[in-house]
Amino acid sequence: LRAYAPVDISAAFLWQAVVPLARSFPNLEIHPVELDFSENFSLPPKVQSLPRKVFFYPGSSLGNFTPLQAQRLLHNLHNAGGDLLFGLDLVKDSATLEAAYDDELGVTAAFNLNALRHVNLLLGSDFNLKNWRHCAIFNQAQSRIEMYLRANQACHVCWPGGTRDFSEGEMIHTENCYKFTREGATDMLRRAGFGDVMCWTDPAETYLVCHARAH
């Protein structure tokens, strides 16, 4: 039996992705799983009972978890009884990392500033996005990119039931993204119970792909 179990927190997104996939691969059993895998990981019984499973975690979003959360997720994947193939972003010099998270096109800045727009929508606050700018800093001690919104000037923000004054230069910490080393990634996998870890990287060693077996 060949089966595919895509996992996402959004049921609407899952079904939007699954329908055309099912048309393209009519002989593939597809079992969409609506799940917040950062909190729990449970596969449908038919998929869980398969004799061999491979979990594919593309991209490098493991870095959006704290080290403890990332370790817990890997442990949960190991307990689900499958091999793991995943990608990670490697530690690089600060200038390269900060430029990647503060791109010239302003895509990341727009993404970060959108957080204030969303807060206004949810809380009825009056953040003026023109008073804020995006910045990204690599914290070498924590091995993570830290994203902030910095106040361009002193400003007063109101919402129903409260107010807050921000001084010029004051920052709101919005996101972290941890970066890894080959040794750190291998250690995480082994502590989660995986074995036979194999890793590959590009010539410039900017990213890492790892495969590990569940014993």
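1. Start with the sheet in this predicted model. Three strands make it up, lined up as β7-β8-β11, and the sheet is open, with antiparallel pairing. As a reminder, strands of a sheet are held to one another through backbone hydrogen bonds, and they can pair parallel or antiparallel.

2. Which strands sit at the edges? They are β7 (132-139) and β11 (171-178), since each of these pairs on one side only. Going from one strand to the next, you'll find a twist that averages 20°.

3. Now zoom in on one pair. Strand β8, covering residues 144-151, pairs with β11 in the antiparallel sense, and the two share seven bridges. If you want a spot to look for on screen, try R150, which stands opposite M171 in β11.

4. Next, add a helix to the picture. Helix α5 (residues 107-123) lies across β7, β8 and β11, and it runs at about 60° to β8.

5. Then have a look at a helix pair. Helix α3 (residues 67-79) packs with helix α6 (residues 182-191) at an angle of about 50°, and their axes are 8 Å apart. Why call them oblique? Angles under 35 degrees would count as roughly parallel and 65 to 115 as roughly perpendicular, so α3 and α6 come out as oblique to each other. The crossing of α3 past α6 is right-handed.

6. What do the two helices bring to this contact? From α3 come A70, Q71 and L74, which meet M188, L189 and R191 of α6. Sorted by type, the residues of this contact are four nonpolar, one polar and one charged.

Technical notes:
Residues are numbered from 1 along each chain as its sequence is written. This is a predicted model: local features need pLDDT of at least 70, side-chain atom pairs count only at pLDDT 80 or more; totals for chains, interfaces and linings use all residues. Side-chain values use heavy atoms; hydrogens and water are left out. Two strands pair if DSSP finds at least two bridges between them. Helices (H or I, at least four residues) and strands (E, at least two) are DSSP runs, numbered from the N terminus. Axes are lines fitted to C-alpha atoms, for helices over the stretch in contact, and angles run from 0 to 180 degrees between N-to-C directions. Contact means heavy atoms within 4.5 Å. Angles under 35 degrees count as roughly parallel, over 145 as roughly antiparallel, 65 to 115 as roughly perpendicular and the rest as oblique. A crossing is left-handed if the near helix is turned anticlockwise from the far one by less than a right angle, and right-handed if clockwise. Ala, Val, Leu, Ile, Met, Phe, Trp, Tyr, Cys and Pro count as nonpolar, Asp, Glu, Lys and Arg as charged, and the others, Gly among them, as polar.
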